[in-house]
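Biologist: I would like to learn how to read an assembly like this one. Can we take it feature by feature?

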2 protein chains.
Amino acid sequence: MNKDLSTEAKIKEAARRVFIAKGFDGCSSREIAKEAGMNVALVNYYFRSKGQLFKLIFHAAMEDFLLSMLDVFATDLALEVKMRIFIEREYDFLTNHPELPGFIINELSRGDGATFEQLDIHCRIAETGVFKDMFRAQEEGRMRKMDLVSITTLLMSNCQFPFLGRSLIKGVHQLTDEQFEQHLVVHKQYVTEMLTNYLFPQK
Amino acid sequence: MNKDLSTEAKIKEAARRVFIAKGFDGCSSREIAKEAGMNVALVNYYFRSKGQLFKLIFHAAMEDFLLSMLDVFATDLALEVKMRIFIEREYDFLTNHPELPGFIINELSRGDGATFEQLDIHCRIAETGVFKDMFRAQEEGRMRKMDLVSITTLLMSNCQFPFLGRSLIKGVHQLTDEQFEQHLVVHKQYVTEMLTNYLFPQK
DNA sequence: GTCTATATCGTGATAGAC
DNA sequence: GTCTATCACGATATAGAC
């Protein structure tokens, strides 16, 4: 699969896999090197240190995470439709990257180098105009009046938690992997219905 | 505060603080010993190894977490009321133990010793009769017909994520600690309203 | 029970040969 | 660029004095 990649790219790919699976504290430089089929010296040759490499991977992960949202917001569909598609896309994206939210949240709370720094997420979301859409919809009475923080928290809670809390949900209900995947599919429908009902109430 | 505790208890308390704050991989035995005002030898004298001590702390944390839910379910209030109180209590509990869900979810997915083993959460919740209540409410048309897994996922998502994702929410919206605490108070109200509206729809 | 000292290992990072 | 060898350090865990 990655036979034709450069050494540097191979290490970056391996680092991404290992860091996301085990976290910064949970793995060693040697493990990353081994995963890439290299030795430790090469990792430090290309990236100077474990910390530097981590910062690179982390910021790329944040960027992926952010972009998965932005492209839906940037469309010019009606807000109600946009929301439904957002949830759909978010579930699709997280199905392919189920460990991403946990990785980001964990490493963020570890403090350290993994900060928001220059990412300026809020501004980049604002630039899509989705916040203005919401404001207008609220003024016109189509959308429930509530602050942006609560709206995004509702969306993130219901989209991200099922993936974040996978081990917990599986454990509590003693589900197999297969049963859990199936649960996700139906849960997405409930979430879509519940959120649209609540955010865009019919008089 | 803990001057009158036994050495063993002091270590256990320190270990709880450190493990929950930094995770198993994120701390050392020495750090726990230091936090307790002891040395490493004492930690291993009482608990044999870092891993043994961790198992103890983790299972106690799971138990706390579980009990915070069970005592509400065990009451004989009407299901609709029970739900509202559950959310209220869960937010109260998590306000006092905000790092608990992240700790549990993380360490669960680390695999290792931190499993559900004999906890049998599903049975202990079932014993409170809350699942039967739900079944009856669904039969009588008071409650939306959906599977138990989805119901609990909705509850956990909306109660736990705001605490789990604290760093993410704060970062995205550039909130201060104070602003975030305030957000939690209003968010709890939205969650309560949204979930009761959805789970117990008025015809 | 509590301490110091130590054994053994794995870690991050680099020096230096090729 | 890539490797082997190595350094300095901190980790877990234990031995043994008191």
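Biologist: By what turn and shift can chain B be laid on chain A?

Modeller: First, the ground rules. This is a predicted model, where local features need pLDDT of at least 70, side-chain atom pairs count only at pLDDT 80 or more, and totals for chains, interfaces and linings use all residues. Residues are numbered from 1 along each chain as its sequence is written, with chains lettered from A and ligands numbered from 1 in the order in which they are written. Copies are superposed by least squares on the C-alpha atoms of residues with pLDDT of at least 70 in both. Here, a turn of 180° and a shift of 0.0 Å along the axis lay chain B on chain A, with an RMSD of 0.0 Å. The two copies are thus related as by a two-fold rotation axis. The same surface serves both: 100% of the contact residues of chain B recur in chain A.

Biologist: How many residues of chain B are in contact with chain A?

Modeller: Contact means C-beta atoms, placed from the backbone, within 7 Å. By that rule, 41 residues of chain B meet 41 residues of chain A.

Biologist: Which element of chain B gives the largest share?

Modeller: Helices are DSSP runs (H or I, at least four residues), numbered from the N terminus. Helix 9 of chain B leads, with 12 residues.

Biologist: Which residues come nearest to DNA strand D?

Modeller: "Near" means a C-beta atom, placed from the backbone, within 6 Å. Of the 16 residues around DNA strand D, the nearest are A:Thr7, A:Ala41, B:Ser28, B:Ser29 and B:Ser49.

Note on methods:
Two residues are in contact if their C-beta atoms, placed from the backbone, lie within 7 Å. Helices (H or I, at least four residues) and strands (E, at least two) are DSSP runs, numbered from the N terminus.
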